[in-house]
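Could you walk me through this model in the viewer, one selection at a time? I'd like to know what to pick next and what I will find there.

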Amino acid sequence: VNLFYAKGCQYCHKINKYGGAAGPDLTAVGNRLSPQELTIRIVNGSTNMPAFGGVLSKDELNKLVTFLSTQK
């Protein structure tokens, strides 16, 4: 959870009605995307999301994916 906020994810993404609206609401992202899909999306970015592959350590990436996978 702390890493989600430390890396600024909440500026574009909302979880449980808190956060920005520029990106998709991640409240139930664990129901929509597998851990592998989350990893790919975070590393490579998406249409309106920058790639974070060069910004996050492997440990940070794993922690974010684990956290987001629990959002159901």
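Start with the largest pocket, which has a volume of about 540 Å³; keep in mind as you look around that this is a predicted model. To centre your view, select His13, Pro24, Leu26, Arg41 and Met49: of the 26 lining residues, these lie nearest the centre of the pocket.

Next, colour the helices. Helix H2 (29–32), helix H3 (35–44) and helix H4 (58–69) are the elements that give two or more residues to the lining of this pocket. Rest a moment on H3, since the largest share, three residues, comes from there.

Now colour the lining by residue type. You should find 17 nonpolar residues, along with six polar and three charged ones.

From the pocket, move on to the aromatic rings. The model holds three aromatic pairs. One to display is Phe4 with Tyr5, an edge-to-face pair with 5.2 Å from centre to centre and 90° between the planes. The partners are worth viewing with a surface switched on. Phe4 has a relative accessible area of 2% and therefore counts as buried, the limit being under 20%. Tyr5, at 31%, is partly exposed because this value falls between the 20% and 50% cut-offs.

For the last stop, keep Phe4 and Tyr5 selected and add Tyr18 and Phe67: ring pairs link these four residues into a cluster.

Terms used. Residues are numbered from 1 along each chain as its sequence is written. This is a predicted model: local features need pLDDT of at least 70, side-chain atom pairs count only at pLDDT 80 or more; totals for chains, interfaces and linings use all residues. Side-chain values use heavy atoms; hydrogens and water are left out. Rings of Phe, Tyr and Trp (its six-membered ring) pair if their centres lie within 6.5 Å; planes under 30 degrees apart count as stacked, over 60 as edge-to-face and the rest as tilted. Buried means under 20% relative accessible area, exposed over 50%, partly exposed in between (1.4 Å probe, protein chains only). On a 1 Å grid over the protein atoms alone, a cavity is a set of points where a 1.4 Å probe fits but cannot get out, and a pocket is an open set with protein on both sides within 12 Å along at least five of seven lines; lining residues have an atom within 4 Å of a point. Grid points are joined across faces, edges and corners, and a volume is the space filled by probe spheres set on the points. Helices (H or I, at least four residues) and strands (E, at least two) are DSSP runs, numbered from the N terminus. Ala, Val, Leu, Ile, Met, Phe, Trp, Tyr, Cys and Pro count as nonpolar, Asp, Glu, Lys and Arg as charged, and the others, Gly among them, as polar.
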